[in-house]
Amino acid sequence: SSDKNTVINKMVKMFQKSGRYYPADKLNAGGAGSIEAFCQIVYDEAVKEGVKPEIVFGQAMKETGYLQFGGAVKIEQFNFAGLGAIGGSVAGAQFNNVAEGIRAQVQHLKAYASKDSLTQETIDQRFNLVTRGSAPYVEWLGQKENPNGFGWATAWNYGISLMNQYTPLPQVRDVPDLNRRVTKREYEKVLDHALDLGITQGFFQEGGTAKESFIPLFDYEGL
């Protein structure tokens, strides 16, 4: 469909804009010999569970450094979200191919986002470890920002930095809360609140970074 093609093309362009090399020699063995094939898999796996493909893709790029990996998790594991990599030299989960790795990531996101049942067989080995529905917003994927103390990662601004990779698509043009960027006033309120909490070791972006050259294809909105 046109909507599907639009989403896939945006993900492809986001990767291309990063300037990174697509590791076709490694991912072809898992069924994704090109960035187009990878994004197709992301889309198909995400929509099966009602999760936004853009969020799945944005998180995978964040966790793998645009598929360059380099940490404890190796590209041959087809683990694009660091599932089971709990620190140190722990490599985390291993999957048979790209589709299975993305499926597990999607299922883990769904576990945080809602209490709905999975439509496919559970492949995420950590699915039952999640407090279901504890992070219905992207911002809450970071434990530090989640008022309930739950979340995917412990790093400050994990969910917020993930949001910075998502841009509103035509499908949300009639949803005001999703079809816009964060205003200057809203951002300033967040910074003020961070300072009130005693956060002094952080990175605040200046207003100049809102220029076209600084804005990625995925930008500012929710799950």
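1. Of the 223 residues in the protein chain, 43% count as buried (buried means under 20% relative accessible area, exposed over 50%, and partly exposed in between, with a 1.4 Å probe and protein chains only). Please keep in mind that this is a predicted model, where local features need pLDDT of at least 70 and side-chain atom pairs count only at pLDDT 80 or more, while totals for chains, interfaces and linings use all residues. Residues are numbered from 1 along each chain as its sequence is written, and side-chain values use heavy atoms, with hydrogens and water left out.

2. The overall make-up is easily told: seven helices and zero strands, running α-α-α-α-α-α-α from the N terminus on. Helices (H or I, at least four residues) and strands (E, at least two) are DSSP runs, numbered from the N terminus. Among contacts between residues at least 6 apart in sequence, 51% join residues at least 24 apart, with contact meaning heavy atoms within 4.5 Å.

3. Now to helix α3, residues 35–48. Its 14 residues should span 20 Å at 1.5 Å a residue, and the end C-alpha atoms are indeed 20 Å apart, so the two agree (the expected span is 1.5 Å times one less than the number of residues). The buried residues of α3 are Ile35, Phe38, Cys39, Ile41, Val42, Tyr43, Glu45 and Ala46. After the helix comes Gly50, which has a positive phi near 75°.

4. Helix α5 passes the same kind of length check: 16 residues should span 22 Å, and its end C-alpha atoms are 22 Å apart, which agrees. Because 15 of its 16 residues are buried, α5 is largely enclosed by the rest of the structure. At the N-terminal end of α5, Asn97 acts as a cap, with a side-chain oxygen 3.3 Å from the backbone nitrogen of Ala99.

5. How do these two helices meet? The axes of α3 and α5 come within 9 Å and cross at roughly 40°; axes are lines fitted to C-alpha atoms, for helices over the stretch in contact, and angles run from 0 to 180 degrees between N-to-C directions. That makes α3 oblique to α5 (under 35 degrees counts as roughly parallel, over 145 as roughly antiparallel, 65 to 115 as roughly perpendicular, and the rest as oblique). On the α3 side the contact is made by Phe38, Ile41, Val42, Glu45 and Ala46, and on the α5 side by Val98, Ala99, Ile102, Arg103 and Val106.

6. Gly30 sits in the loop between α2 (24–27) and α3, and at 7% relative accessibility it counts as buried. Leaving aside neighbours within four places in sequence, Gly30 is in contact with Phe78, Asn97, Val98 and Ala99. The C-alpha atoms of Gly30 and Gly101 are 9.5 Å apart, although 71 residues separate them along the chain.

7. The loop between α4 (53–64) and α5 (98–113) holds Asn96, and Gln77 is found in the loop between α4 and α5 too. Asn96 counts as exposed at 61% relative accessibility, whereas Gln77 is buried at 6%. The side chain of Asn96 makes a 3.3 Å polar contact with that of Glu100 (a pair of N or O atoms within 3.5 Å; within protein, one must be able to donate a hydrogen and the other to accept it, and residues adjacent in sequence count only if both atoms are side-chain atoms). The side chain of Gln77 reaches the backbone nitrogen of Lys74 at 2.8 Å.
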